[in-house]
Amino acid sequence: MSKHSTGAAQLPEYVHDLKQSDVRALNQALHDLDPAAPVTHWKVLNAAGDHALAVGIDANANVEIMGHVGYYCAGMNKHATVTIHGNAATGLAENIMSGVVRLKGSASQSAAATGRGGLVVIEGNAAARCGISMKGVDIVVQGSVGHMSGFMAQRGRLVVCGDAGHALGDSLYEAQIYVRGKVEDLGADCIEKEMREEHVKELQALLDKAGIAADAREFRRYGSARKLYNFNIDHADAY
Amino acid sequence: MTAKHPGLVESYLFNRDTIHEIQRAATEGIYDIRGMGAKRYVPHFDDLVFLGASMSRYPLEGYRERCDTNVVLGTRYAKKPIELKIPITIAGMSFGSLSAQAKEALGRGATAVGTSTTTGDGGMTPEERLSSKTLVYQVLPSRYGMNPDDLRKADAIEVVLGQGAKPGGGGMLLGQKISPRVAEMRDLPPNIDQRSACRHPDWTGPDDLEIKIREIREITDWQKPIYIKVGATRTYYDTMLAVKAGADVIVVDGMQGGTGATQTVFIEHVGIPTLPAVRLAVEALTELDMHRKVQLIVSGGIRSGADVAKALAMGADAVSIGVAALIALGDNDPHLDQEYQKLGTRAGYYDDWHAGQCPAGISTQSDHLASHLDPVLGGRRLANYLRTLTMETQIIARACGKSHVHNLEPEDLVALTVEAAAMAGVPLAGTSWIPGRS
């Protein structure tokens with residue numbers, strides 16, 4: 001890893017070349033950052049599908065990763081902004097707590113799984129189970145999402161600018177789902193809900209924050225029917 | 001058939017219990033849910049006995065000669081393995097299923113005797129962390145309350161694939177136990193029936209699990225031992241795959257293992273007993289030359305020092321207790337019999353741990369009921385029980401001539417039944433016959 005002494009804001013202060021050093025060294029360096037310190041800028045070169053890149057950051061870091069990433073990139077992120085110039089394998093930004101993770105390409109399954117806060121922006125498509133068990137994260141997908149996305153989603157917002165696959169929002173709790181394109185079908189207890197003006201405003205603000213050019217009025221809103229919240233034998237077919 | 005009512009012939013298939021259950025299901029329209037573990041008889045440690053010292057084996061003096069009990073867990077990869085003074089740990093039980101007082105009492109009791117306790121589905125509470133010197137943090141499919149700060153606060157991490165009471169099943173916490181605090185910790189609305197997923201959300205299969213474990217190690221800078229817990233089913237293969245996935249420690253939970261709330265049909269009909277599970281796990285570890293390098297913790301029906309000693313003799317490094325620990329705290333205590341009768345049951349039979357009405361203040365989220373449990377006194381009772389288990393284990397180990405409880409070995413055991421001999425892989429008493437091997 002090399003440190004640049006520069007005052008130019010656009011240049012990274014730290015460059016970590018994964019051909020020269022390994023994932024462990026990168027993560028340790030990121031973990032050694034003081035959470036209270038001002039933001040530092042990092043550039044990670046030659047990511048070639050490495051797993052667990054930039055996981056567990058708890059600092060005001062701005063990390064740019066060049067190349068495709070493996071499983072769990074930016075997992076459990078706190079405060080940092082991580083941008084990936086490539087595609088991502090399973091579990092991108094899993095259990096994210098805060099901060100922003102932006103993927104320039106497409107994501108494999110379980111993107112932002114169980115995320116509890118922060119924002120995940122996927123500029124391509126996301127495969128199956130995007131936002132599974134999400135617990136407060138905001139997810140904005142510029143493309144489409146695969147089947148079972150939003151499964152058991154508890155809190156937060158999942159925004160899909162393209163289409164959604166089979167069983168969207170199955171067993172949904174209190175998360176909100178917005179889809180602009182077609183929905184193949186809805187999962188158990190997920191229903192379409194009225195898109196009121198307050199939802200349009202809220203969604204537009206989120207799209208703008210995510211830097212995605214889209215008109216919130218073109219989206220439809222989905223949420224929980226709350227019929228599975230307490231067991232009822234007459235709803236047994238839905239379980 | 002009963003002597004009191006000659007001529008009345010009770011059906012074996014449709015006996016009174018079966019008839020009652022059919023009538024209950026027809027009335028209520030829902031399967032029976034309860035706590036505790038399997039209640040029916042299955043071959044267990046009771047079906048084994050120790051041979052003890054004899055002409056060819058030299059015993060140790062009961063109150064004079066040293067018999068150590070310590071165990072080190074996580075020696076394979078973790079930078080900071082944990083050392084426990086006794087090989088008996090407290091199993092994972094959630095805040096939500098249990099009151100905060102109960103979790104604190106478990107921590108106090110475990111800490112007093114130098115062993116570990118474990119979080120559960122629902123995350124880590126400050127009371128639990130404060131009261132537990134050594135705390136194992138569970139990573140479960142639901143990921144309720146999961147966060148990197150608690151991962152780093154933990155002394156070890158346990159990735160839970162299943163539990164003995166319900167291998168292949170998720171969890172449930174009925175609405176009456178989802179108090180505002182439990183709801184907040186789990187990011188759910190209060191008072192709803194909460195379902196925990198049966199599969200992890202971000203990995204599928206052992207190859208993925210290996211990568212998941214690597215992520216957890218990276219987040220915690222390779223400091224913490226990582227356990228993998230499985231419910232006992234295909235234990236030989238699960239153990240091998242857990243080793244392959246990078247576990248420091250494997251926890252195998254037999255079908256007698258407890259639960260806070262599971263369908264009776266699941267508890268009684270899915271999974272294998274603890275007895276064969278121990279043997280299968282040890283065989284797999286030995287096959288891979290990883291026995292004692294990857295430590296094995298066994299749970300499911302551990303009640304006495306005899307059970308502990310038998311599990312260790314079969315090759316376990318430690319055991320874990322859940323139901324027994326709750327009983328030590330005060331669950332099913334006879335002095336509460338009147339309260340149990342108000343709930344339609346009796347002390348000694350209470351298993352509605354899912355209902356949130358526990359008069360002992362253990363399996364409840366009611367502030368009033370939970371106040372019935374004094375965490376200090378509960379911790380003291382648990383410590384007493386753990387010390388008793390440890391001394392009982394030492395008594396047996398010394399009788400077999402062992403200066404450390406880990407020196408107990410299968411050669412010290414024989415079985416009383418053909419079934420137990422086959423499952424445990426030790427000879428039928430009075431013979432050299434191990435069914436399936438000779």
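**Legends to close-up views of chains B and A**

**View 1. Overall fold of chain B.** In chain B, the secondary structure amounts to 15 helices and 16 strands. The radius of gyration of chain B is 22 Å, close to the 22 Å that the globule rule gives for 438 residues, so chain B is as compact as a globular protein of that length. The model shown here is a predicted one, and in it the C-alpha atoms of chain B fill a box of roughly 70 × 60 × 45 Å along the principal axes.

**View 2. Burial and contacts within chain B.** Of the 438 residues in chain B, 57% are buried. Where contacts in this chain link residues at least 6 apart in sequence, 67% of them join residues at least 24 apart.

**View 3. Helix H2 of chain A and its buried side.** Helix H2(A) comprises the 14 residues 197-210, which at 1.5 Å a residue should span 20 Å, and its end C-alpha atoms are indeed 20 Å apart. Its buried residues are Leu203(A), Leu207(A) and Ala210(A); these cover an arc of only 60° around the axis, which puts them on the same side of H2(A). In an α-helix there are 3.6 residues a turn, so residues three or four places apart point the same way. The buried residues of H2(A) pack against four strands of chain A, namely S7 (119-122), S8 (135-141), S9 (155-160) and S10 (176-179).

**View 4. The exposed face and the end of H2(A).** On the face of H2(A) turned away from its buried side lie the exposed residues Glu197(A), Glu198(A), Lys201(A), Ala205(A) and Asp208(A). Following the helix is Gly211(A), which has a positive phi, near 70°.

How values were computed: Residues are numbered from 1 along each chain as its sequence is written. Chains are lettered from A and ligands numbered from 1 in the order in which they are written. This is a predicted model: local features need pLDDT of at least 70, side-chain atom pairs count only at pLDDT 80 or more; totals for chains, interfaces and linings use all residues. Helices (H or I, at least four residues) and strands (E, at least two) are DSSP runs, numbered from the N terminus. The radius of gyration is taken over C-alpha atoms; the globule rule is 2.2 Å times the number of residues to the power 0.38. A residue is buried if 20 or more other C-beta atoms lie within 10 Å of its own, exposed if 12 or fewer, and partly exposed in between; C-beta atoms are placed from the backbone. Two residues are in contact if their C-beta atoms, placed from the backbone, lie within 7 Å. The expected span of a helix is 1.5 Å times one less than its number of residues. The arc is that of the directions from the helix axis to the C-beta atoms.
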